[in-house]
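Colleague: Please take me through this model term by term, and set each label against its cut-off before you draw a conclusion.

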Amino acid sequence: MIISFDYGKTAMLANQSSLLSHQRPFTSRLAASVFTGARTVVLDNDFGFDADASVMLAAAAMLIPKLVVVTGDECGGRRAQLARRLLDLVGRSDVPVWRGLDVPGGHDRFVGDGLDLGPEVPAPVDLVAVARDLCGASEEPLLWLGCGPMTNLAEIATRAPELTDHMDVTWMGGWLDGTGYRDPSRASHIVPA
């Protein structure tokens, strides 16, 4: 299937409806709650490292009505700046972007230096306070989609473990090659066996 869209909000919404109408009916309650806007989806990613993150952000912006973005592996707010710029380009200026936690080496894994991302670097936020507000604003649990480091979710789970009862987490990550920059032993600190 080839997906094309206009950057205008009206055209984007029309294409969103068109895309969904060509799919099979929702076969799960989760899919129905995500694509109809009954559930808030938090997309947590290290934008500006792998190109697939930008494609995923554009697709999520087109298909998920209640979307929130948080940046992982942050490097001084540059990832949040990039996410904001991409969302604005696809007509989703309504999607909030949280600046996630800065981590050592984050600058080494950001390839967007030199891009015109706009003049404002988003300020850091208290992730726990924002997650608490989102959890309290919906009867459905948050769907936390992670595609990168788990630093933000670990911060929330450590400081406010009660919030994890109001979240469903789906994570894409891991590293099969032990010589990579990820340490396989660290997963035990975040998700107990």
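Modeller: Let us begin with Trp144.

Colleague: Why is Trp144 called buried?

Modeller: The relative accessible area of Trp144 is 0%, and the label buried applies under 20%, with exposed reserved for over 50% and partly exposed for what lies in between (1.4 Å probe, protein chains only); Trp144 therefore counts as buried. Please keep in mind that this is a predicted model, in which local features need pLDDT of at least 70 and side-chain atom pairs count only at pLDDT 80 or more, whereas totals for chains, interfaces and linings use all residues. Residues are numbered from 1 along each chain as its sequence is written, and side-chain values use heavy atoms, with hydrogens and water left out.

Colleague: What makes Trp98 and Trp144 an aromatic pair, and which kind of pair is it?

Modeller: Rings of Phe, Tyr and Trp (its six-membered ring) pair if their centres lie within 6.5 Å, and planes under 30 degrees apart are stacked, over 60 edge-to-face and the rest tilted. The centres of Trp98 and Trp144 are 6.2 Å apart, with 55° between the planes, so the two form a pair that is tilted. A search of the whole structure finds one aromatic pair. Trp98 belongs to strand β3 and Trp144 to strand β4, so the pair ties together parts 46 residues apart in sequence. Trp98, at a relative accessible area of 6%, is buried as well.

Colleague: How do you know how many helices and strands there are?

Modeller: Helices (H or I, at least four residues) and strands (E, at least two) are DSSP runs, numbered from the N terminus; counted in this way, the protein has seven helices and five strands. Along the sequence they follow the pattern α-α-β-α-β-α-β-α-β-α-β-α.

Colleague: What makes β3 and β5 edge strands?

Modeller: Two strands pair if DSSP finds at least two bridges between them. The five strands form an open sheet with parallel pairing, in the order β3-β2-β1-β4-β5, and β3 (97–98) and β5 (167–172) each pair on one side only, which makes them the edge strands. Strand β4 (residues 142–147) pairs with β5 over six bridges in the parallel sense, and the bridge partner of Leu143 is Asp168 in β5. Helix α6 packs on this sheet, where it touches β1, β2 (67–71), β4 and β5, and its direction makes about 150° with that of β5.

Colleague: Why are α5 and α6 called roughly perpendicular?

Modeller: Axes are lines fitted to C-alpha atoms, for helices over the stretch in contact, and angles run from 0 to 180 degrees between N-to-C directions. Angles under 35 degrees count as roughly parallel, over 145 as roughly antiparallel, 65 to 115 as roughly perpendicular and the rest as oblique. The axes of α5 (residues 127–136) and α6 (residues 151–159) come within 9 Å and cross at roughly 80°, so the two helices are roughly perpendicular to each other. Taking contact as heavy atoms within 4.5 Å, the residues involved are Leu127, Val128 and Ala131 of α5 and Asn152, Glu155, Ile156 and Arg159 of α6.

Colleague: Where does Asn45 lie, and how do you know whether it is buried or exposed?

Modeller: Asn45 lies in strand β1 (residues 41–45), and its relative accessible area of 2% falls under the limit given above, so Asn45 is buried. Leaving aside neighbours within four places in sequence, Asn45 is in contact with residues including Val70, Thr71 and Cys147.

Colleague: What makes the phi of Asp73 worth listing?

Modeller: Most residues other than glycine have a negative phi. Asp73 is not a glycine, yet its phi is positive, at about 55°. Asp73 sits in the loop between β2 and α4 (78–89) and, at 3% relative accessibility, counts as buried.

Colleague: Why is Thr36 called exposed?

Modeller: Thr36 has a relative accessible area of 54%, which is over the upper cut-off, so the label is exposed. Thr36 lies in the loop between α2 (29–35) and β1; its C-alpha is 7.1 Å from that of Pro65, 29 residues apart in sequence. Ser33, by contrast, has its place in helix α2 and counts as buried at 5% relative accessibility.
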